[in-house]
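Here are my comments on the model you sent, set out as numbered points. Please read them with the structure open beside you.

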Amino acid sequence: MDDQINCPQCGSENAYHDGSLWNCPDCGHEWNPDTDAAVADAEAGQGVRDANGNPLTDGDSVTVIKDLKVKGSSLVVKGGTKVKNIRLVDGADGHNIACKIDGIGAMNLKSEFVKKA
């Protein structure tokens with residue numbers, strides 16, 4: 001095959017094209033070579049990204065993707081909770097989103113546990 005592409009994650013030559021994505025059976029990585037170049041350029045410079053790799057900005061709405069325990073409390077932020085009007089912050093502990101959640105109040109979240117709504 002002329003259009004054979006190696007997996008960018010593990011370098012395997014066993015990658016195959018399946019519809020719109022390339023798949024690697026060895027490591028399970030999926031990618032689109034056309035958009036991955038643009039994503040790599042954007043990641044090199046700046047930005048906070050959600051669990052799916054979408055860039056986040058101040059004022060966005062996000063959805064929590066899994067149940068999160070609130071530290072120091074018996075409360076839980078349930079997966080599927082929609083959070084409006086987020087603020088991006090520089091958290092040294094990895095919490096880079098500041099927000100207010102109904103029923104819980106002000107808190108910080110990690111971008112890896114949310115997806116853009």
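## Notes on the predicted model

1. To begin with a pairing, R87 stands opposite A98 in β11. This places the two residues in a wider arrangement, since strand β10 (residues 87-88) is joined to β11 by two bridges, and these two strands run antiparallel. Please keep in mind throughout that the model is predicted.

2. On its other pairing, β11 is joined to strand β12 (residues 105-109) by five bridges, and the two strands again run antiparallel. Within this pairing, I97 has L109 of β12 as its bridge partner. The hairpin formed by β11 and β12 has three residues between the strands, and in this hairpin G103 takes a positive phi near 85 degrees.

3. Is strand β11 largely enclosed or not by the rest of the structure? Four of the five residues of β11 (residues 97-101) are buried, so the strand is largely enclosed by the rest of the structure. For this step, a residue is taken as buried when its relative accessible area is under 20%.

4. The largest nonpolar core has 15 residues, and those with the most contacts inside it are L56, V77, V83, I86, C99, M107 and L109. The elements that give two or more residues to this core are β6 (62-64), β11 and β12. Of these, β11 gives the most, with three residues. L109 therefore appears in two roles, as one of the core residues with the most contacts and as the bridge partner of I97, where I97 belongs to the enclosed strand β11.

5. V77 deserves a separate look, and its contacts can be followed residue by residue. Leaving aside residues up to four places away in sequence, V77 touches V64, K66, D67, L68, V70, I101, I104 and M107. Apart from the largest core lies another core, of five residues, among them A15, W22, C24 and W31.

6. For residues 6-32, an unreviewed UniProt entry lists "domain: Protein YjdM N-terminal". In the model, the chain over residues 6-32 is 0% helix and 30% strand, with its end C-alpha atoms 12 Å apart.

7. Finally, where is G47 found? G47 is in the loop between α1 (33-45) and β4 (48-49), and this glycine is exposed, with a relative accessible area of 61%. Although G47 and L88 are 41 residues apart in sequence, their C-alpha atoms are 9.5 Å apart in space; L88 lies within the range of strand β10 (residues 87-88), which pairs with β11.

Key: Residues are numbered from 1 along each chain as its sequence is written. This is a predicted model: local features need pLDDT of at least 70, side-chain atom pairs count only at pLDDT 80 or more; totals for chains, interfaces and linings use all residues. Side-chain values use heavy atoms; hydrogens and water are left out. Buried means under 20% relative accessible area, exposed over 50%, partly exposed in between (1.4 Å probe, protein chains only). Two strands pair if DSSP finds at least two bridges between them. A nonpolar core is a set of buried Ala, Val, Leu, Ile, Met, Phe, Trp, Tyr and Cys residues joined through side-chain atoms within 4.5 Å. Contact means heavy atoms within 4.5 Å. UniProt positions are given in the numbering used here, feature names are shortened, and annotations may be inferred rather than shown by experiment.
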